[in-house]
Each structure stands twice: as C-alpha cells, then as structure tokens.
Amino acid sequence: MANVEDAEKLSEVLQVLANPIRLKMLALIAVRPRYAYELSKYLKLSYPLTHLHLNLLEKAGFISGSYVEGPRTKKVYRLNDFQLVISREILKKIGEKLENP
C-alpha cells in the first residue's frame, strides 16, 4: 500500500476500513487465504455483496486475489502486508499541501 499523504487518498482508505463487514473479512483473511464463497458463508452475506466488499478491499490494496485452477477456477484472497499509521507529521504534510497547492 502506498504512503498516504493527501486528504482524498487518506479518506478513501479510512472509508474502506470504516465498514465492519470489511474489517471482519480482513480478520478472516489474516488467519488464512479465503475464497469469496467461504467468506459469504461465514458472514452470512449474499455472494454479490461479498464480491463488492472484496473488490473495495482489493482496490485499496489491503488484499490480493489470485485464481486457482481446478475443476472450477476460483479466486483466493490473501492479505497484503500493510501498516496504517496516521501521525501528526502525516497530517501536517497534508495540511501544508492544502495550504500551498
């Protein structure tokens, strides 16, 4: 995940993490890689809704999906290494960019 040093990108990342369903997905994927179907069953979500949340997590860079060949090709999701730190210094840099575009 890229260093977040602008207000819009920080807001996007925090919005992705603000949803309890997505936090639960991250927690389950942190234990071991998961298939969408498996996550939908654990969280009692429809398959399309599960995919919507997974796509947002993948777009934000928290997870990566890869296809596994077999009788039916499936996509397995893995947690990417990331660390989220919002420090005074990062907020200061964002503020300075806003003051001096």
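Analyst: A residue is called buried when its relative accessible area is under 20%, exposed when it is over 50%, and partly exposed in between. The model discussed here is predicted.

User: Why is Ser66 called partly exposed?

Analyst: The relative accessible area of Ser66 is 32%. The two limits are 20% and 50%, and the value of 32% falls between them, so Ser66 is partly exposed. Ser66 belongs to strand S2, which covers residues 63-68.

User: What makes the link between the side chains of Ser66 and Arg78 a polar contact?

Analyst: The separation given for this pair of side chains is 3.2 Å. The cut-off for N or O atoms in a polar contact is within 3.5 Å, and 3.2 Å satisfies it, so the pair qualifies. Apart from neighbours within four places in sequence, Ser66 is also in contact with Lys74, Lys75 and Val76. As for Lys44, 22 residues away along the chain, its C-alpha atom is 23 Å from that of Ser66.

User: Why is Met25 called buried?

Analyst: The relative accessibility of Met25 is 0%. Buried requires a value under 20%, so Met25 is counted as buried. Met25 is placed in helix H2. Beyond four places in sequence, its contacts are Leu39, Leu43, Leu45, Thr50, His53, Leu54 and Leu57. With Leu57, the C-alpha distance is 9.1 Å, although the two residues are 32 apart in sequence.

User: Is Ile94 buried or exposed, and how do you know?

Analyst: Ile94 has a relative accessibility of 7%. This value is under the limit of 20%, so Ile94 is buried. The residue lies in helix H5, residues 88-99. Its C-alpha atom is 9.5 Å from that of Leu10, and 84 residues separate the pair in sequence.

User: How do you know whether Arg22 has a salt bridge?

Analyst: For Arg22, the nearest side chain of opposite charge is that of Glu12, at 12 Å. A salt bridge needs a side-chain nitrogen of Lys or Arg within 4 Å of a carboxyl oxygen of Asp or Glu. At 12 Å that condition is not met, so Arg22 has no salt bridge, yet it is buried. Arg22 is found in helix H2, residues 20-31. Leaving out neighbours within four places in sequence, Arg22 is in contact with Gln15, Val16, His53, Leu56 and Leu57.

User: How many salt bridges does the structure hold, and what makes the pair Arg32 and Glu38 one of them?

Analyst: The structure holds 3 salt bridges. In the pair Arg32 and Glu38, the closest N and O atoms are 2.4 Å apart. The limit is 4 Å, so this pair counts. Arg32 is partly exposed at 38% relative accessible area, whereas Glu38 is buried at 17%.

User: Which other residue forms a salt bridge with Glu38?

Analyst: Arg34 does so, with closest N and O atoms 3.0 Å apart. That distance is within the limit of 4 Å, so it too is a salt bridge. Arg34 lies in strand S1, residues 34-35. Its relative accessible area of 4% is under 20%, so Arg34 is buried. A polar atom of its side chain is also 3.0 Å from the backbone oxygen of Leu28. Among the contacts of Arg34 beyond four places in sequence are Ile29, Leu39, Tyr42 and Tyr77.

User: What makes Glu58 and Lys75 a salt bridge?

Analyst: The closest N and O atoms of Glu58 and Lys75 are 3.4 Å apart, and the limit is 4 Å, so the pair qualifies. Glu58 lies in helix H4 and Lys75 in strand S3, so the pair ties together parts that are 17 residues apart in sequence. Glu58, at 23%, and Lys75, at 21%, are each partly exposed. Elsewhere, Arg32, Arg34 and Glu38 form one network through salt bridges with shared partners.

User: Which residues line the largest pocket, and which elements give two or more of them?

Analyst: The lining consists of Tyr35, Ala36, Tyr37, Tyr47, His51, Arg72, Thr73, Lys74 and Lys75. Helix H3 (36-43), helix H4 (47-59) and strand S3 (74-79) each give two or more residues to this lining. The space in the largest pocket is about 210 Å³.

Notes
Residues numbered from 1 in each chain as written. Predicted model: local features only at pLDDT ≥ 70, side-chain atom pairs only at ≥ 80, totals over all residues. Heavy atoms only, no water. Helix = DSSP H or I, 4+ residues; strand = E, 2+ residues; numbered from the N terminus. Buried < 20%, exposed > 50% of the residue type's maximum accessible area, 1.4 Å probe, protein only. Contact = heavy atoms within 4.5 Å. Polar contact = N/O pair within 3.5 Å; in protein donor to acceptor, adjacent residues only side chain to side chain. Lys, Arg positive; Asp, Glu negative; His and termini not counted. 1 Å grid on protein atoms, 1.4 Å probe; cavity = no way out; pocket = protein on both sides within 12 Å on 5 of 7 lines; lining within 4 Å. Points joined across faces, edges and corners; volume = space filled by probe spheres on them.
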